[in-house]
Amino acid sequence: MSDAAERIPRARGVSDPKLEESPRVVEVGADILRLHTLPAGAPAPAPERVSRLAIRETGRTYFVPVSTIDWIEGADYYVKLHVGSRVHLLREPLRSLVQRLDPSRFARVHRSAIVNLARVREIRMAARGDHTLVLEDATRLRLARSRRRELEALIETTPE
């Protein structure tokens, strides 16, 4: 082996010859579960469901219990958590947050809204197939036509 070839691994910081033979390079922050395939028939790992959300403001972080949320409104890369008469701003996209919430308690009812199923009082049908959700506090939310049947089934099975 030439002198130049011997210096290349040391210059790159590789000290173990086995690492040079590795067929796959793992980037920093890579998801290890996605790198390894699961054995046939093995159940996929369940995503973790959150019980509280951390709201960061200047100089403090406070926590909002997920069970107190009435509904969640999407606003670009933020979400607005509607809890009673208060609104909390969380920097997280709606599509990301919906994956962290318990699907037996929360459902996406529109492309920009998630609702706590325990807070739904009624579904009102209007002309042309439009639907409106009415929450316990009389808040009205638009319900996408494609989500009505699924939502009704979820509400019937939601524990009080």
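This passage describes the nonpolar cores, a buried histidine, the salt bridges and some backbone features of a predicted model.

The largest nonpolar core comprises 16 residues, and those touching the most other members are Leu53, Ile69, Ile72, Val79, Leu81, Leu97 and Leu101. At least two residues of this core come from each of strand 1 (52–57), strand 2 (60–65), strand 4 (78–83) and helix 4 (94–100). Strand 4 gives the largest share, three residues. A further core, of twelve residues, lies apart from the largest one and has Trp71, Val120, Leu133 and Leu141 among its members. In soluble globular proteins, nonpolar side chains tend to be buried together.

The surroundings of Leu81 were examined with neighbours within four places in sequence left aside. On this basis Leu81 is in contact with Leu53, Ile55, Ile69, Trp71, Ile72, Arg86, Val87, His88 and Leu97. Among these partners, Leu53, Ile69, Ile72 and Leu97 also belong to the largest core. Trp71, also a contact of Leu81, is instead a member of the twelve-residue core.

His88, another contact of Leu81, is located in strand 5 (residues 86–90). Its relative accessibility is 6%, under the 20% limit, and His88 therefore counts as buried. The side chain of His88 makes a polar contact of 2.9 Å with the side chain of Tyr62. When residues up to four places away in sequence are not counted, His88 touches Ile55, Tyr62, Val64, Val79, Lys80, Leu81 and Val83. Of the residues touched by His88, Val79 and Leu81 are also listed among the core members that touch the most others.

Leu89 lies in strand 5 as well. With a relative accessibility of 48%, between the limits of 20% and 50%, Leu89 is classed as partly exposed. Leu89 forms a nonpolar surface patch with Tyr77 and Tyr78, and the accessible area of the three together is about 330 Å². Strand 5 thus holds both the buried His88 and the partly exposed Leu89.

The model contains six salt bridges. One of them joins Asp70 and Arg119, with a distance of 2.7 Å between the closest N and O atoms. This pair links distant parts of the chain, the two residues being 49 residues apart. Asp70 is in the loop between strand 2 and strand 3 (71–75), while Arg119 is in the loop between strand 7 (113–116) and strand 8 (120–125). Asp70 has a relative accessible area of 9% and is buried, whereas Arg119, at 22%, is partly exposed.

A second salt bridge connects Arg124 with Glu122, the closest N and O atoms being 2.9 Å apart. Arg124 is partly exposed at 33% relative accessibility, and Glu122 is partly exposed at 29%. Both residues take part in a network of salt bridges that also includes Arg121.

In a further salt bridge, between Arg148 and Glu152, the closest N and O atoms are 3.2 Å apart. These two residues are about one helical turn apart, because they are four residues apart in helix 5 (residues 148–157). Arg148 is buried, with 17% relative accessibility, and Glu152 is partly exposed, with 27%.

Helix 5 also contains Glu156, which has a relative accessibility of 70% and is exposed. The C-alpha atoms of Glu156 and Leu117 are 9.4 Å apart in space, with a sequence separation of 39 residues.

The backbone was also examined for positive phi values. Most residues other than glycine have a negative phi. Asp76, which is not a glycine, has a positive phi of about 60°. Asp76 is located in the loop between strand 3 and strand 4. At a relative accessible area of 76%, over the 50% limit, Asp76 counts as exposed. Ala138, likewise not a glycine, has a positive phi of about 75°. The position of Ala138 is in the loop between strand 9 (131–135) and strand 10 (140–143). Ala138 has a relative accessible area of 47% and is partly exposed.

Key:
Residues are numbered from 1 along each chain as its sequence is written. This is a predicted model: local features need pLDDT of at least 70, side-chain atom pairs count only at pLDDT 80 or more; totals for chains, interfaces and linings use all residues. Side-chain values use heavy atoms; hydrogens and water are left out. Buried means under 20% relative accessible area, exposed over 50%, partly exposed in between (1.4 Å probe, protein chains only). A polar contact is a pair of N or O atoms within 3.5 Å; within protein, one must be able to donate a hydrogen and the other to accept it, and residues adjacent in sequence count only if both atoms are side-chain atoms. Contact means heavy atoms within 4.5 Å. Patches are made of residues with over 30% relative accessible area and no salt bridge: like charges are joined within 9 Å, nonpolar side chains (Val, Leu, Ile, Met, Phe, Trp, Tyr) within 5 Å. Accessible areas come from the Shrake-Rupley method with a 1.4 Å probe; for residues, only the protein chains shown count as cover. A salt bridge is a side-chain nitrogen of Lys or Arg within 4 Å of a carboxyl oxygen of Asp or Glu. A nonpolar core is a set of buried Ala, Val, Leu, Ile, Met, Phe, Trp, Tyr and Cys residues joined through side-chain atoms within 4.5 Å.
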